[in-house]
Amino acid sequence: MKVIFLALAFPKMNNTKYLYFGLITEFHENGHDVTVVAPAYDLNITGFQVENGINVIRVKTLPLFNVGMIKKGLANLMLPHQYKKAIKKYNLELDYDLILTPTPPISLYGVAAWLKKKSGAKVYLVLRDIFPQNAVDLGLMSQKGLIHNYFRKKEKKLYAISDSIGCMSQGNIDYIIKHNPSVQPEKLHLLPNWSDMIAVESEDKVHELRRKEGFENKFIVIFGGNIGLPQKLENIVDLAEACQDYEDILFLIMGGGNERKNLEEAIAAKNLDNIQLRDGVPQEEYMKWVQMADVGLISLSEKFTIPNIPSKSLSYYNSKTPILASIDMNTDYGQLLDDLNLGVWAEAGKTTLLKQKLLVLYNDPELRKTMGENGWNYMKNNLSSAHAYERVVRETGFSE
């Protein structure tokens, strides 16, 4: 096949374990002709590049991340024009067989529709984000406003031109069918979050890290990644406050984001010494911290009406770390944890119940070990880049 991937984020292809690197590499290694169109990670490096043997067009865009909502919105609205211009500049033959595009964003609908019309290619939508409803849930957009109406029309058009739509869970499939009756159900299928596994450290190195950080006698509950409105880490601050009677329980939050400052203030206001906030670290280093931890945290805002499946779960599966989840009641993530015995969960905002679930793990090392092993096996057998690739080519009708 000749494949083009329209990406919102695509760091330089190196040894980083980024969600889409694995999938694109699978296409490349299976003999397909792949081109990636993506924002420049460095404004001094734009245009046509070859990264790990794969053709990548780096496009100069407005800032897309760590900026305010207005700037981010303008940057996303400009993407279709900028991507089309870049594709035309390099005189690419528009004879593609497959167009891969993810959400976010939905603004690339225009590029996907244009390429489909020019080439007759199939469009495969990797649905990771149901927008604009997620913005409505978090109070970032009014459901009755013109902006919502504009993006909702784009969303419907994106579903309409897509030949196949890969969803994170059955809950996602059910949600799309319920709220988009014009979408043909046969377009929708499961495409869980995926990642290639990273080798875990030896127990000696894990103990060494504990000693170095002074965590030898601590029960570590870790969270790593974006600190924003979707995660609502205020709920974890409340949990830490409720756990002060357990002197060995330590909450470790690593990362940054738009809500980090508010999180710092919330921790200081409660004068908590059982919660540490640290900067994010590269993924391979972060994996060492996750392996050192006793429990991995998932936190979702209770305001969500859409079913989210947090991708950070993959690092916990990989490191055999059991999961404690604070989640909304519209996601089927809790059902996944229960069905596969990967962790425990409570409704977000229910601090007493969440503490009870944490203590279940705290008091039962054998259960923690079993859940960790279950996560590792689940990831190994179902969630590799090769598994994702096989699902995409099968659902688009290109499998051998």
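This report describes the sheets, helix packing and unusual backbone sites of one predicted model.

Residues are numbered from 1 along each chain as its sequence is written, and side-chain values use heavy atoms, with hydrogens and water left out. Because the model is predicted, local features need pLDDT of at least 70 and side-chain atom pairs count only at pLDDT 80 or more, while totals for chains, interfaces and linings use all residues.

## The eight-stranded sheet

Helices (H or I, at least four residues) and strands (E, at least two) are DSSP runs, numbered from the N terminus. Two strands pair if DSSP finds at least two bridges between them.

Eight strands form an open sheet with mixed pairing. Their order is β3-β4-β2-β1-β5-β6-β7-β8. The edges are β3 (47–51) and β8 (188–190). Each has a single partner strand, so one side of each is left without a neighbour in the sheet. Neighbouring strands are turned by 25° against each other on average, direction ignored.

At the β3 edge, five bridges join β3 to strand β4 (residues 54–59). The two run antiparallel. Gly47 stands opposite Arg58 in β4.

Two helices lie across strands of this sheet. Contact here means heavy atoms within 4.5 Å. Axes are lines fitted to C-alpha atoms, for helices over the stretch in contact, and angles run from 0 to 180 degrees between N-to-C directions. Helix α5 (residues 146–161) lies across β5 (98–103), β6 (122–127) and β7 (164–167). Its angle to β6 is about 125°. Helix α6 (residues 170–179) lies across β6, β7 and β8, and runs at about 165° to β8.

## The six-stranded sheet

A second open sheet is listed as β11-β10-β9-β12-β13-β14, with parallel pairing. Its edge strands are β11 and β14 (343–347), each pairing on one side only. The twist averages 20° from one strand to the next.

Strand β13 (residues 323–327) pairs with β14 in the parallel sense over five bridges. Ser326 has Ala346 of β14 as its bridge partner. Helix α12 (residues 333–340) lies across β12 (295–299), β13 and β14. It runs at about 155° to β13.

Helix α10 (residues 283–292) contributes buried residues (buried means under 20% relative accessible area, exposed over 50%, partly exposed in between, with a 1.4 Å probe and protein chains only). They are Tyr286, Met287, Trp289, Val290, Gln291 and Met292. These residues pack against β9 (219–224), β10 (249–254) and β11 (275–278). They also pack against α7 (203–213) and α11 (313–318).

## Two helix crossings

Helix α1 (residues 19–29) meets helix α15 (residues 385–395). Their axes come within 8 Å and cross at roughly 65°. The crossing is right-handed (the near helix is turned clockwise from the far one by less than a right angle; anticlockwise would be left-handed). From α1, the contact uses Gly22, Leu23, Glu26 and Phe27. From α15 come Ser385, Ala386, Ala388, Tyr389, Val392 and Val393. By class, seven are nonpolar, two polar and one charged. Ala, Val, Leu, Ile, Met, Phe, Trp, Tyr, Cys and Pro count as nonpolar, Asp, Glu, Lys and Arg as charged, and the others, Gly among them, as polar.

Helix α8 (residues 234–242) packs on helix α13 (residues 351–362) at an angle of about 65°, with axes 9 Å apart. That makes α8 roughly perpendicular to α13 (65 to 115 degrees; under 35 is roughly parallel, over 145 roughly antiparallel, the rest oblique). This crossing of α8 and α13 is right-handed. Ile236, Asp238, Leu239 and Ala242 of α8 touch Thr351, Leu354, Lys355 and Leu358 of α13. The classes are five nonpolar, one polar and two charged.

## Backbone exceptions

Most residues other than glycine have a negative phi, and most peptide bonds are trans. The table lists four exceptions.

| Site | Feature | Value |
|---|---|---|
| Thr103 and Pro104 | cis peptide bond | omega about 0° |
| Pro104 and Pro105 | cis peptide bond | omega about -5° |
| Asn52 | positive phi | phi about 55° |
| Asn91 | positive phi | phi about 50° |

Pro104 is in the loop between β5 and α3 (109–119). Pro105 is in the loop between β5 and α3. Asn52 lies in the loop between β3 and β4, and counts as exposed at 51% relative accessibility. Asn91 sits in the loop between α2 (69–89) and β5. At 65% relative accessibility, Asn91 is exposed.

## A long-range pair

Ala199 is in the loop between β8 and α7. It counts as exposed, at 70% relative accessibility. Ala199 and Ser319 are 120 residues apart in sequence, yet 8.5 Å apart in space, C-alpha to C-alpha.
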